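User: I am new to this structure. Please take me through it, and give the reasoning behind each label.

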Amino acid sequence: RMITVKRILQNGRLVPDFSGEMMHKYSAYHGTGSVYATVVSTSSVSVQQHAAYVPALTYTCSPAQYTDTCQVLTSTFSRSLCALVLFIGLFVCLFGHSFFQTELFLMSTLMGAIITYIVVAPLGMTDSTNVVLATVGGITIANFWLLLWWIIGSPLFSLIMATLSLGFLCASLVFYTPLGDNPYMVSNVNYWLAFICCMLVVAVVFAPYTNRVNILACSVVGSYAAIVPVDHYIGANLKFIFINTMRRATVSGFNQAIIDPPFQAKDGVLPEMGG
């Protein structure tokens, strides 16, 4: 389907070109096959000619040589944590609003783990160590946040983590779309300013509706958390909504990568299940 020029134009899609260079970087989607083809065009006054290079196929991994390269989660702890997230997500989605202190702890753990991971990932430790430290850091920050909430006792203060979690997920979704491949987003300054603005817009817009935003945050964040483990085990790609944001924050040079996320039938089915 991607051999001739005609078939490439019919079945392929043009990827963004940030710099005009011959070499491009792409975000890896482990286990999802993708075909890359190059079409060269030349034109004269009356004739336009096209030629296709031999296409390249990749799954961004090599299970024949490296058995764990197709796995996003490579340690027992990370796999166990992934399975646990399924039940935590279901709890937050269905009952989080009814158990406010538990929900506050879980939302604070999520944001604390994200912050901790971003801090420790550049230190050069293994992925397993980073995940463990992020989990410990998230729980520590959550306990500290619960203590602050108990001391201050402000309803608005207690919703900060919920709205930030919702805003973080919404911003990650926005930049998982073709907007993430906008040339202006190559600059880390532009990207993170836009990302933070998306987060704050969600927080500010819903701030007056404390009860509703808490229910909305529980529903959206909890549903996504429940979907991610299923996504991982069936080989879908919705988990990369979150992973790509973490890559952008921790992987050097990822700002040059073309996101161009794949979309499969199972990626469309999972949100329906979550809904």
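User: Leaving aside neighbours within four places in sequence, which residues is Leu169 in contact with?

Analyst: This is a predicted model. In it, Leu169 is in contact with Val220, Val221 and Tyr224, once its neighbours within four places in sequence are left aside. Leu169 itself lies in helix α6.

User: Why is Leu169 called buried or exposed?

Analyst: Buried means under 20% relative accessible area. Leu169 has a relative accessible area of 14%, so it is buried. Its C-alpha atom is 22 Å from that of Ile234, and the two are 65 residues apart in sequence.

User: What is the overall make-up of the chain?

Analyst: The chain has ten helices and six strands. Its C-alpha atoms fill a box of roughly 75 × 40 × 40 Å along the principal axes. Of its 275 residues, 33% are buried. Among contacts with a separation of 6 or more, 71% join residues 24 or more positions apart.

User: What makes α3 parallel, antiparallel, perpendicular or oblique to α8?

Analyst: The angle decides. Helix α3 (residues 100–120) and helix α8 (residues 210–234) pack at about 55 degrees, with axes 12 Å apart. Roughly parallel needs under 35 degrees, and roughly perpendicular runs from 65 to 115. About 55 degrees fits neither, so α3 is oblique to α8. The crossing of α3 past α8 is left-handed.

User: Which residues make that contact between α3 and α8?

Analyst: From α3 come Phe100, Glu103, Met107 and Leu110. From α8 come Asn214, Ala217, Cys218 and Val221. By class, the contact of α3 with α8 has six nonpolar, one polar and one charged residues.

User: How do you know how α2 is oriented against α8?

Analyst: Again, from the angle. The axes of helix α2 (residues 76–95) and α8 cross at roughly 150 degrees and come within 7 Å. Over 145 degrees counts as roughly antiparallel, so α2 is roughly antiparallel to α8. The crossing of α2 and α8 is left-handed.

User: Which residues of α2 and α8 meet?

Analyst: On the α2 side, they include Arg79, Cys82, Val85 and Leu86. On the α8 side, they include Cys218, Ser219, Gly222 and Ser223. The contact of α2 with α8 divides into twelve nonpolar, five polar and one charged residues.

User: Which residues have the most contacts inside the largest nonpolar core?

Analyst: Met107, Phe168 and Phe195 do. This core has 39 residues. The elements that give it two or more residues are α3, α4 (127–152), α6 (160–174), α7 (188–206), α8 and α9 (240–250). In soluble globular proteins, nonpolar side chains tend to be buried together.

User: What does Phe168 touch, not counting residues up to four places away in sequence?

Analyst: Phe168 touches Ile114, Phe195, Met199, Phe242, Thr245 and Met246. Phe195 is also one of the residues with the most contacts inside the core.

User: Why is α9 said to be largely enclosed by the rest of the structure?

Analyst: Count its buried residues. Eight of the eleven residues of α9 are buried, so α9 is largely enclosed by the rest of the structure. They are Phe240, Ile241, Ile243, Asn244, Thr245, Met246, Arg247 and Arg248. These buried residues pack against α3, α6, α7 and α8.

User: Now the loops. Why is Asn237 called buried or exposed?

Analyst: Asn237 is found in the loop between α8 and α9. Its relative accessibility is 0%, under the 20% cut-off, so Asn237 counts as buried. Not counting residues up to four places away in sequence, Asn237 touches Tyr29, Thr32, Tyr176, Asp231, Pro262, Gln264 and Asp267.

User: What makes Asn182 count as buried, exposed or partly exposed?

Analyst: Asn182 has 27% relative accessibility. Buried needs under 20%, and exposed needs over 50%. The value for Asn182 falls in between, so Asn182 counts as partly exposed. Asn182 lies in the loop between α6 and α7. Its C-alpha atom is separated by 29 Å from that of Ile3, 179 residues away along the chain.

User: How do you know whether Pro122 is buried or exposed?

Analyst: Pro122 has 54% relative accessibility. Exposed means over 50%, so Pro122 counts as exposed. Pro122 lies in the loop between α3 and α4. Pro122 and Ala249 are 127 residues apart in sequence, and their C-alpha atoms are 9.4 Å apart in space.

Notes:
Residues numbered from 1 in each chain as written. Predicted model: local features only at pLDDT ≥ 70, side-chain atom pairs only at ≥ 80, totals over all residues. Heavy atoms only, no water. Axes fitted to C-alpha atoms, helices over the stretch in contact; angles between N-to-C directions. Helix = DSSP H or I, 4+ residues; strand = E, 2+ residues; numbered from the N terminus. Left-handed = near helix turned anticlockwise from the far one by under 90°. Contact = heavy atoms within 4.5 Å. Nonpolar A, V, L, I, M, F, W, Y, C, P; charged D, E, K, R; others polar. Core = buried A, V, L, I, M, F, W, Y, C linked by side-chain atoms within 4.5 Å. Buried < 20%, exposed > 50% of the residue type's maximum accessible area, 1.4 Å probe, protein only.
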